[in-house]
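Reader: I would like to go through this model step by step, beginning with the arrangement of its strands and helices and then turning to empty space and single residues. Could you keep each answer tied to what was computed?

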Amino acid sequence: MPDDHNDIDDDEDGLPETGVLPEIKPLPVMPADASAGFVALIGVPNAGKSTLLNSLVGTKVSIVSRKVQTTRALVRGIVMEGKAQIILVDTPGIFAPKRRLDRAMVHSAWSGAADADAICLLVDARKGVTEEVEAILARLPDVRRPKALILNKIDLIPRDRLLALAASLNERIAFAHTFMISALNGDGIDTLRRTLAEMMPAGPWLYPEDQVSDAPIRMLAAEITREKLYDRLHEELPYRSTVETDQWVVKNDGSVRIEQTIFVERESQRSIVLGKGGQTIKAIGQAARREIAEAAEQPVHLFLHVKVRENWADDPARYREMGLEFPRG
């Protein structure tokens, strides 16, 4: 089936466009006793990893959605705590993979854990030890890195159940630390941030002091639009739909023109995204444009296209764009 599309834009002023190279910021002078390292956040889908990452960083660097398995690639958020730089890796949720994309995401999650200086297992305290959590616990001892347990959503369960869950998990795995938090309302986040800083190995900072993520802004913009897509069409649209940023052009007035393509697998899904009279995609575009403008710190003109690309989840090029390894077979 050929690629079909529909163009939706929120605003356009016709000003001439010009390419402007981004400013390259030098690394600041850092203290002699600086430290820096990577912390992998692992857990099952919807445990709250993306919410926790954003809370620790202090701004959005990873999308949050009610739909499971929305984090696909390794998203890095950068936190400065005293003299320590903590590079947080929000891994895809670990679950029983069924399709090629699933296998790539789970492989990416475990690879991120193996490469980190420390690992944080995030467990939804309300759900406790599910079958998927059991599978992670069985494999976790094989990853020889310092480990911390984070019980999330503690505001939603009684204290006695919370303490029993913490004790049970610590009997099974030698966690160096146990944290009880609410990523959504911020409870326990400061303590977690300070302790992670203490776990970082001595060494120079790896990123500029004011940088919050190593994800290119084009990728973050695509992820923001994908989040708004799922927010609007939570029930109707499969999570395998994807968004790509095709064009990012800075205009003379300091604003940026962005063109993005939403890829779906069937014509019926394209109709859902467009909505009656284009109203659905217009609402998605307006919500995405506001948040992208906040992230980019400049006015945004967003143009969305919707195309049908059958079996895109079997295309190796799509995996490379998401930073995933293409599973063979």
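Reader: Which unit do strand 5, helix 3 and strand 6 make, and what is its handedness?

Author: The model is a predicted one, and the elements in question are strand 5, which covers residues 118-124, helix 3, which covers residues 131-139, and strand 6, which covers residues 147-152. Strand 5 and strand 6 run parallel and are joined by six bridges, with Asn-152 of strand 6 as the bridge partner of Asp-124. Taken with helix 3, the two strands make a unit that is a right-handed β-α-β unit.

Reader: How many bridges join strand 2 to strand 5, and which residue stands opposite Ala-118?

Author: Strand 2, made up of residues 35-42, runs parallel to strand 5, and the bridges that join these two strands number four. Within this pairing, the residue that stands opposite Ala-118 of strand 5 is Val-39.

Reader: Are the faces of strand 5 buried or exposed?

Author: In a regular strand the side chains alternate between the two faces of the sheet, so each face has to be considered separately. On one side of strand 5 are Ala-118, Cys-120, Leu-122 and Asp-124, and on the other are Ile-119, Leu-121 and Val-123. Seven of the seven residues of strand 5 are buried, and both of its faces are accordingly described as buried.

Reader: What is the volume of the largest cavity, and which strand gives the most to its lining?

Author: Rolling a probe the size of a water molecule over the atoms shows where empty space is left. With a lower limit of 30 Å³, the count comes to one cavity, and the space in the largest cavity is about 60 Å³. Its lining includes Leu-122, Val-123 and Asp-124, together with others such as Lys-127, Gly-128 and Val-133, and the element that gives the most to this lining, with three residues, is strand 5.

Reader: How do the residues of that lining divide into nonpolar, polar and charged?

Author: Among the lining residues are Val-44, Pro-45, Asn-46 and Ala-47, and also Thr-130. Sorted by type, the residues that line the largest cavity come to six nonpolar, three polar and two charged.

Reader: Why is Ser-55 classed as partly exposed, and what is its relative accessible area?

Author: Ser-55 has its place in helix 1, residues 49-57, and, with neighbours within four places in sequence left aside, Ser-55 is in contact with Ala-183, Ile-189 and Arg-193. Ser-182 is 127 residues away from Ser-55 in sequence, yet their C-alpha atoms are 9.8 Å apart in space. Because the partly exposed class lies between the 20% and 50% limits, Ser-55 falls into it with a relative accessible area of 21%.

Reader: Where does Asp-33 lie, and how far apart in space are Asp-33 and Ala-84?

Author: Asp-33 lies in the loop between strand 1 and strand 2, and it is partly exposed, with a relative accessible area of 49%. Asp-33 and Ala-84 are 51 residues apart in sequence, while the distance between them in space, C-alpha to C-alpha, is 8.8 Å.

Reader: How many bridges join strand 9 to strand 10, and which residue stands opposite Val-300?

Author: Strand 10, residues 300-308, is mostly covered, with eight of its nine residues buried. Strand 9, residues 256-264, runs parallel to strand 10, and the bridges that join them number nine. Opposite Val-300 in strand 10 stands Val-256.

Terms used
Residues numbered from 1 in each chain as written. Predicted model: local features only at pLDDT ≥ 70, side-chain atom pairs only at ≥ 80, totals over all residues. Heavy atoms only, no water. Buried < 20%, exposed > 50% of the residue type's maximum accessible area, 1.4 Å probe, protein only. Pairing = 2+ DSSP bridges. Right-handed = clockwise from strand over helix to strand, strands pointing away. 1 Å grid on protein atoms, 1.4 Å probe; cavity = no way out; pocket = protein on both sides within 12 Å on 5 of 7 lines; lining within 4 Å. Points joined across faces, edges and corners; volume = space filled by probe spheres on them. Nonpolar A, V, L, I, M, F, W, Y, C, P; charged D, E, K, R; others polar. Contact = heavy atoms within 4.5 Å.
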